Amino acid sequence: TRTLTVIVKANILSIEASDERGYYLSGEKILITCIAEGSKDLDITWSKDNHQDLGSVVVKEENEVELYDYVITKSVLEIPVSSVEQEGNYRCFVRNYLGRSNNYLMIRVYPEAIPPRLESGPINTVINEENNMLVQCTFTGAPPPWVIWKKDDQIVKSGRITVFSSEDGLVSNLMITDAIKSDSGNYSCEGSNSAGYTVKGLLPISIHYSDTGGVRNGTNSTRGLIFALPVLFLWLLFV
């Protein structure tokens with residue numbers, strides 16, 4: 001009889017919070033899940049802001065997969081009642097006799113819910129075909145609002161139109177790459193949070209054909225990047 005031995009160095013597969021963005025209100029329960037793999041006898045530990053003393057937390061572990069000497073283990077750190085003092089970087093460490101790995105997650109805790117407000121929104125914009133454009137909506141609120149961008153009342157899904165947020169979650173960006181005529185329409189940014197309010201900024205965008213955007217044979221092409229801001233209109237050219 002032969003025995004199969006699987007030897008795997010300790011490795012973290014994922015670390016995530018029960019709130020996708022890691023934003024909580026004071027008093028809410030926080031769950032952070034760390035999933036690790038490796039050969040058996042995995043040792044998983046936690047720290048907050050590089051300190052081992054985590055205060056009032058509960059850590060639970062269980063094996064998700066066991067195959068001979070190989071395991072996938074889930075460690076869940078639970079903070080039953082959060083407070084602002086528990087905001088910080090939570091790091092998961094895993095090790096076995098072959099090596100070690102770690103990863104972290106930033107958790108933010110807000111003392112109270114504040115309805116979102118649109119501080120600055122987009123302006124009416126006209127751009128030429130094949131140009132790129134970046135539009136921004138800036139919000140206030142706690143936690144930072146979830147932002148949805150729509151075009152003609154439909155959620156934006158095009159691969160050339162991407163949506164991304166600033167690190168603090170208060171600035172939402174919409175990027176249109178290589179604009180085409182069908183990108184014209186009424187765009188809106190809608191923000192809402194647990195305070196239950198929604199705010200909306202409206203932006204009509206018109207795409208115009210232009211034969212000055214560069215030679216289309218691929219040998220010499222110049223395109224522009226437009227930033228649409230309330231009081232600032234920049235045109236940055238690059239080759």
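Hi everyone, this is a short tour of one protein structure, covering confidence, disulfides and a surface patch.

Please keep in mind that this is a predicted model. The mean pLDDT of the protein is 80, with 79% of its residues at 70 or more. Where is confidence highest, and where is it lowest? The top is strand S1, at a mean of 96, while the bottom is strand S19, residues 233-238, at 25. The pLDDT stays below 50 over residues 212-239, a stretch that still has 60 contacts in the model beyond near neighbours in sequence. Where pLDDT is low, the predicted coordinates should not be read in detail.

Now for the cysteines. The protein has two disulfides, and counting bonded cysteines along the chain gives the pattern 1-2, 3-4.

Let's start with Cys34 and Cys92, which are joined with an S to S distance of 2.1 Å. Cys34 sits in strand S3 and Cys92 in strand S7, so this link connects distant parts of the chain, 58 residues apart. Both Cys34 and Cys92 are buried, and their link is left-handed, with -80 degrees about the S-S bond.

The other pair is Cys137 and Cys189, whose sulfur atoms are 2.0 Å apart. This disulfide is left-handed because the torsion about its S-S bond is about -75 degrees. Cys137 belongs to strand S11 and Cys189 to strand S16, so the bond ties together parts that are 52 residues apart in sequence. Cys137 and Cys189 are buried too.

Finally, let's visit the surface. Ile7, Tyr97 and Leu98 make a nonpolar patch of about 340 Å². Ile7 is found in the segment before strand S1, and Ile7 is exposed, at 55% relative accessible area. Thanks for listening!

Methods:
Residues numbered from 1 in each chain as written. Predicted model: local features only at pLDDT ≥ 70, side-chain atom pairs only at ≥ 80, totals over all residues. Heavy atoms only, no water. Patch = residues over 30% accessible without salt bridge, like charges linked within 9 Å, V, L, I, M, F, W, Y side chains within 5 Å. Areas by Shrake-Rupley, 256 points an atom, 1.4 Å probe, with all protein chains shown as cover. Salt bridge = Lys/Arg side-chain N within 4 Å of Asp/Glu carboxyl O. Helix = DSSP H or I, 4+ residues; strand = E, 2+ residues; numbered from the N terminus. Buried < 20%, exposed > 50% of the residue type's maximum accessible area, 1.4 Å probe, protein only. pLDDT = per-residue confidence, 0-100. Contact = heavy atoms within 4.5 Å. Disulfide = S-S within 2.5 Å.
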